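Work through the exercises below with the model open. Try each task before reading its solution.

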Amino acid sequence: MHVIVVGADRLGQAVARWLVAGGHEIAIIDSSRTRCIAVDQAFGSVSVLGSSVDRSVLAQAGANRAEMLIATDEDDGANLVTCQIAKQRFEVPTTISVVNRSDHVDLFNVLGVDVVVDVPDLILNQIQEGFTSHGITHLKPLPADGMERSLVSIHVPAAYGSDGLRLDAFPFPDGTLPSLVVTRDGVPRLPSGDFKVRAGDEIIAVTTAQGEDELRDLLASGPLA
């Protein structure tokens, strides 16, 4: 698949490296000659010097045969216009763009960018997850029957010790269903009531939004006396 990457800064080069590792053909557009030289040294002669909002530059990058364009520029306006030209002039099937200001997200969606990556929101979510998780990792939402459920990973903290606590004695909140235990030695086990979980084990479970909050508090406070 031929993919055009707009922007040859750190993010653009990281995306390019991932694409090349996946066997894709790439072209990278950037207005900096220095960055284009660095790109060519890293990936071969794949850079196109110029502005991504210039149709001739997009054509030189192979937009007429590209299946995807990924805009990573720090200028939201340039990213948006580039995606629109790619879609409307060159009929690129899929456009992806980072958005550096969250208040621009709705505009990108309204104007037809296929995938919009809200960078500030993404960073904030990661910070909040690291600050509040207390051993809980949110894996995947599981909407069903009108109730919001999630698949979560519960990392049993050191406070629970190495002697083990029977799984049926683990104080799971209501609506929480453990589905898999991965021991600290990396061995997957189907959950059973008499199985003893130890510090360092990982429990994969389905729970509600309220249950997820209760699990965070539970792991933060440690086992009940």
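**Exercise 1. Decide whether Ser153 is buried or exposed, and say what surrounds it.**

Step 1. Ser153 has a relative accessible area of 1%. Buried means under 20%, exposed over 50%, and partly exposed in between, with a 1.4 Å probe and protein chains only. Ser153 is therefore buried.

Step 2. Place Ser153 in strand 8, residues 147–155. Strands (E, at least two residues) and helices (H or I, at least four) are DSSP runs, numbered from the N terminus.

Step 3. Look for polar contacts, meaning pairs of N or O atoms within 3.5 Å; within protein, one must be able to donate a hydrogen and the other to accept it, and residues adjacent in sequence count only if both atoms are side-chain atoms. The side chains of Ser153 and Glu202 are joined by one of 2.4 Å. Another, of 3.2 Å, joins the side chains of Ser153 and His155.

Step 4. List the contacts (heavy atoms within 4.5 Å). Beyond its neighbours within four places in sequence, Ser153 touches Gly135, Ile136, Thr137, Leu139, Glu202, Ile203 and Ile204.

This is a predicted model: local features need pLDDT of at least 70, side-chain atom pairs count only at pLDDT 80 or more, and totals for chains, interfaces and linings use all residues. Residues are numbered from 1 along each chain as its sequence is written, and side-chain values use heavy atoms, leaving out hydrogens and water.

**Exercise 2. Explain why strand 13 counts as largely enclosed, then find the bridge partner of Leu177.**

Step 1. Six of the seven residues of strand 13 are buried, so the rest of the structure largely encloses it.

Step 2. Strand 13 (residues 202–208) runs antiparallel to strand 10 (residues 177–182), with five bridges between them. Two strands pair if DSSP finds at least two bridges between them.

Step 3. Leu177 has Val206 in strand 13 as its bridge partner. Pro178 stands opposite Ala205.

**Exercise 3. Trace the hairpin that strand 10 forms with strand 11.**

Step 1. Strand 11 covers residues 188–189 and runs antiparallel to strand 10, joined by two bridges.

Step 2. Val182 is the bridge partner of Pro188 in strand 11.

Step 3. Five residues lie between the two strands of the hairpin. In the turn, Gly186 has a positive phi of about 85°.

**Exercise 4. Is Val110 buried or exposed?**

Step 1. Find Val110 in helix 5, residues 105–110.

Step 2. Val110 counts as exposed because its relative accessibility is 68%.
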